[in-house]
Amino acid sequence: MDVGNKIRLIDRLRLGFAVLIAKTVTFIVRSLRLGAASVLPGSIARRIEPQLLQLLSQQVKNGVILIAGTNGKTTTSLLLKTILERKGYRVAHNSTGANLENGLMTALLESTNLVGTLDADYAILEVDENIVPKVLTPLQPRIILCLNLFRDQLDRYGEVDTISKRWTKVISTLPPETVVIPNADDPTLSYLGQQLPQRVLFFGLNEPEQYLEAIPHAVDSIYCPKCGHSLDYQGVYLSHLGDFTCPNCGFSKSKPTLESKEWQQILVGLYNKYNTLAAVTAAQDLGIDEATIKDTINNFQAAFGRAEDLVIEGKRVRILLSKNPVGTNETIRVVNQSTDTTTLMVLNDRTPDGTDVSWIWDVDTEKLVERGGTLVVSGDRVYDMALRLRYSEKSTQSNLNLIVEEDLRQAIATALKHTPDNETLHILPTYSAMLEVREVLTGRKIL
Amino acid sequence: MQELIIGWLYPTLMSTYGDRGNVITIERRAQWRGYSVKVLPLDRDSTAADIKSVDVIVGGGAQDRQQEIVMRDLQGAKADAMREKIENGTPGVFTCGSPQLLGHYYEPGLGQRIQGLGILDLVSIHPGENTKRCIGNLVIEVTASRLAQDLEEMTGSKPYLVGFENHGGRTKLGKVEALGRVVYGLGNNGEDGTEGAFYQNAIATYSHGPLLPKNPFVADWLIQTALRLKYQQAIALQPLDDILAVQAREAMFKRLKVSL
Ligand SMILES: [Zn+2]
């Protein structure tokens, strides 16, 4: 046995041991009902086995697909996973929003037996923007999807520019056969794609009829990522995503691989069109036939909680995750397209939401307030949200029925009471608030 | 009808973390009292005359690259106009990145030192990419003597401000007066207990949040000062219903276990 093989064997033994411990912990945690087993075991296994992430991902038969971006990771992952599963592939996925390193490892451990053998054809891993550079090398992904970069939870992530610079630096060092799928409509990511030595497949929209009338306030990046000059937008689809060119250096939007008009989208909202196109571009590159992809899109059910319809006490309830300015402007657009009169907003500031709630001042809540009706607010930062809504009114003579309710259970009951029988109650929660709302509505705890 | 013109510094370049909330708060509180309000963006298309025409100035935070673009633009006659406004007592609120550019210079974590206007005697330095950002809820007591006195007269109690800080840079004050002392959080540099700066009628702070919605008396002080200066007469502002702001403040004091 040569030295290399010996190391390999020792690696496998240590891996097996790490896996065994982690699995035992998962089992104990679950049987004692200690709550989320989604993050803890990975963290324990990692203490034992520093190369665990690499050793596990190496064993994924057809490769790791890494999904990064501020909005849409879960929806895109679930669509791609469903497509692959339709073809009979076994797919590992960090499905509970655990997208930090520990969560990735836990997801891979789920498909691993006690001696450390992993049994999955693909691993779809949602990765937090900030740890992308750290995990790229150990994961050696086959495909990297870069969905978008919005100002979100900047308290943890730092700035959009810095993030994209770090991504570019590390992705450039990956093997040339790595496929990168960036959003062409996002200037920062378009530029990222243009700089890479790898094969790059862009996705984006080609639908000028969907342009917004004006660039919304919640915009991060309307300056040329290459030279810093203002970009000229022919039109904006949402936030800073659109059709652009730089009058100074000639930088412009990259050409998407797919013709967006030819593809139906999953769920409501323009951002889900992007999620759909991203997943389709990846699926096609993996060799999945068009018929299977189109059929999956037509039958796709809402990714849990992200745009979900429930029926409670005979009334329809639609939950629209609203965790940052861009997402919330979009969910307000969805509410405004309906004639429904009651909306519940729930603002939390826990770690998964971002502890900084100042982003609500970048949301164009004026558009929600102008239509009147009943607005119920709740959550950890209920008064911050209430202030934002109050300051959305130009006059002190308000036609808005603003109800402030600290207690979430009570807030939901009040909102349901105000919802007429033939209408839908729209609930706009942050991430942790969404889990709580769902628990109240269904009586089931999710995490 | 009396009119208030709000000058908003580089809205598309300098508006991180909801800083436009300060503009919205001043605008609404003046509108609700029947004043006519104009928000004038002071950006790259604006002239020195535009800067001179405003009654109150609001500036927000920026990413490092955007801050550089701003400083390239704010030169010559525009820089002079800005300096003249602040020296002559035009009130303003400057958050995070904008105090850095009113100071002598800002050194980003990566790249070249960005020269400021040198109006405020302070310098800001980012200690490097691997240093932790100062992030979290912030409570300060206003100690800048003239402002503290004005605010105490308006509210009948010691002025405490509630906000949220989120900055990589650390600021050291020279001879300029601090805005306040940190009661909870880190402030200018996490070391000397100071937060922000106060010069003539310019309020500089690291407090996003944004600052004004939860500290409405500061917004009123800005409006009052601006109108008094403009119309050269005493201005009495009608009281507004601020119960939501009071509740938001109390909720935060309670959570942070700050007893005032
Ligand atoms: Zn350019």
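Q: Where in chain B is the place of R133(B)?
A: In this predicted model, the strands on either side of R133(B) are β7 (122–125) and β8 (134–142) of chain B. UniProt, in an unreviewed entry, places the feature "binding site" at R133(B). The place of the residue is the loop between β7 and β8.

Q: What is the relative accessible area of R133(B)?
A: Buried means under 20% and exposed means over 50%, with partly exposed in between. R133(B) falls in the middle class, partly exposed, because its relative accessible area is 22%.

Q: Which residues are the protein donors of the zinc ion?
A: Each donor atom is an SG, lying 2.3 Å from the zinc ion. Along the chain the donors follow the spacing C-x2-C-x18-C-x2-C. They are C224(A), C227(A), C246(A) and C249(A).

Q: How many residues apart in sequence are the parts tied together by C224(A) and C246(A)?
A: C224(A) lies in the loop between β6 (199–200) and β7 (232–238) of chain A. C246(A) lies in the loop between β8 (241–245) and α10 (270–285) of chain A. The two cysteines are donors of the zinc ion, so the pair ties together parts whose separation is 22 residues.

Q: Is C224(A) buried or exposed?
A: A residue counts as buried under 20% relative accessible area. C246(A) is in that class, and C224(A) is likewise buried.

Q: What is the geometry of the site of the zinc ion?
A: The site has four donor atoms, with angles of 104 to 114° among them. Four donors count as tetrahedral if all angles lie between 85 and 135 degrees. The site is therefore tetrahedral.

Key. Residues numbered from 1 in each chain as written. Chains lettered and ligands numbered in written order. Predicted model: local features only at pLDDT ≥ 70, side-chain atom pairs only at ≥ 80, totals over all residues. Heavy atoms only, no water. Donors = N, O, S within 2.8 Å, 3.2 Å for Na, K, Ca; no water. Tetrahedral: all angles 85-135°; square planar, octahedral: opposite > 155°, others 65-115°. Helix = DSSP H or I, 4+ residues; strand = E, 2+ residues; numbered from the N terminus. Buried < 20%, exposed > 50% of the residue type's maximum accessible area, 1.4 Å probe, protein only. UniProt positions renumbered as here; feature names shortened; annotations may be inferred.
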